[in-house]
Amino acid sequence: MSKGNRGFGSSLTEGLEDADLDTSAPSESIMASRSQTLARLASGKVVTDRTEWVDPARCRPWRLHNRDLDHLDEESCRDLIDAFLSAKKQRIPAIVRRLTNDPDYDFEIIAGVRRWWTVQWLRAHHHPEYDYLVTIQHVSDEEAFRVSDIENRSRKDISDWERANEYLRALDEFYDGSQSEMAEHLKISRSWLSRLLDVARLPDEIIEVFADKHDITVRVARDIKPLTGDARALGLMIEEGRELRAERADLGVKLTGPEVAKRLIGATVVKTKASGGELIVKAQNGKPMLRYTRSARTGLSLKIVPRSGASTDELMNAIRGLIEN
């Protein structure tokens with residue numbers, strides 16, 4: 001279904017949903033004059049892409065899109081629903097590729113899955129007049145991944161969990177598992193990429209502890225991931241995770257991501273009595289790494305044991321667990 005085809009030049013970052021939400025801004029024409037358009041094309045300053053209104057039922061998300069479809073509902077898309085109703089249309093196009101060998105679909109969505117979901121929701125709720133505004137681009141899979149990443153990198157409504165899983169799939173498919181190559185192509189730091197990938201690399205038994213996977217942020221993974229490499233610590237966290245899941249099932253207790261991380265980390269702190277009333281926290285290698293006392297009058301008194309062999313991450317996680325607990 002088409003409301004008329006409109007061709008215009010666009011950069012990869014123009015399709016931000018934020019503009020769909022800005023209904024107060026004056027509408028600008030996306031059609032330049034013929035002479036201006038030809039001049040810009042001749043100068044090489046613009047790439048022409050075909051923009052159309054299409055039937056959303058003829059579109060499907062690309063297999064490597066970064067949205068968790070199970071997380072899209074009326075509540076999570078409320079801002080777009082209200083914006084589309086206010087503007088009486090979708091203002092900013094999604095980015096798609098044309099399909100040639102699929103009888104059920106004409107396009108696959110590279111960026112704009114939330115807009116696609118919103119248009120379909122409106123059609124199903126008394127607004128059949130809404131169509132889906134798309135810009136059709138001709139890109140390879142790796143280019144499609146970078147297009148999607150550029151458009152969505154700064155978006156706050158994409159969780160670390162969604163982005164981490166998208167990056168992990170792309171790492172193997174496009175960059176042969178090389179984080180250095182991927183970071184170079186995406187123009188991001190290798191350290192940030194590593195921290196983000198840690199979100200998706202947590203063991204399944206740990207991921208299942210979280211009531212909502214979207215609560216697993218880079219910060220949460222940073223605190224938990226170092227402990228998963230030690231069989232003893234991982235076993236203690238898995239055991240604590242079973243208790244957390246039972247509490248959620250039996251009592252309806254739903255903790256936030258940081259609260260779950262706190263409980264898991266706290267479960268790995270092994271304490272033994274020492275002389276003078278001190279408690280000892282042992283490192284993964286079994287050697288004492290911390291000595292501490294706690295009282296209502298003096299609070300927490302902490303000593304780091306030298307030459308314990310504990311890593312900085314291990315020490316910081318243990319200290320954080322003592323402070324928070």
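**Exercise 1. Find which helices and strands each supply at least two residues of the lining of the largest cavity, and pick out the one with the largest share.**

*Solution.* Start with the secondary structure: helix H11 (231-251), strand E8 (279-282) and helix H13 (312-324) each give at least two residues to the lining of the largest cavity. Keep in mind that this is a predicted model. Next, look for the top contributor: H13 has the largest share, with three residues.

**Exercise 2. Describe the largest cavity: its volume, the residues closest to its centre, and the character of its lining.**

*Solution.* First, some context: the structure has three cavities of 30 Å³ or more. The largest cavity encloses about 100 Å³ of space. Then turn to its walls, where 14 residues form the lining, and Leu227, Thr268, Met289, Glu314 and Ala318 are the closest to the centre. Finally, sort the lining by residue class: eight are nonpolar, three are polar and three are charged.

**Exercise 3. Locate Asp223, decide whether this residue is buried or exposed, and identify the side chain that joins it in a polar contact.**

*Solution.* Begin with position: Asp223 belongs to helix H10 (residues 218-224). Now check accessibility. The relative accessible area of Asp223 is 8%, and the cut-off for buried is under 20%, so Asp223 counts as buried. Next, list the neighbours, leaving aside residues up to four places away in sequence: Asp223 touches Ile265, Asn317 and Arg320. To finish, look for the polar partner: the side chains of Asp223 and Arg320 are joined by a polar contact of 3.3 Å.

Note on methods. Residues numbered from 1 in each chain as written. Predicted model: local features only at pLDDT ≥ 70, side-chain atom pairs only at ≥ 80, totals over all residues. Heavy atoms only, no water. 1 Å grid on protein atoms, 1.4 Å probe; cavity = no way out; pocket = protein on both sides within 12 Å on 5 of 7 lines; lining within 4 Å. Points joined across faces, edges and corners; volume = space filled by probe spheres on them. Helix = DSSP H or I, 4+ residues; strand = E, 2+ residues; numbered from the N terminus. Nonpolar A, V, L, I, M, F, W, Y, C, P; charged D, E, K, R; others polar. Buried < 20%, exposed > 50% of the residue type's maximum accessible area, 1.4 Å probe, protein only. Polar contact = N/O pair within 3.5 Å; in protein donor to acceptor, adjacent residues only side chain to side chain. Contact = heavy atoms within 4.5 Å.
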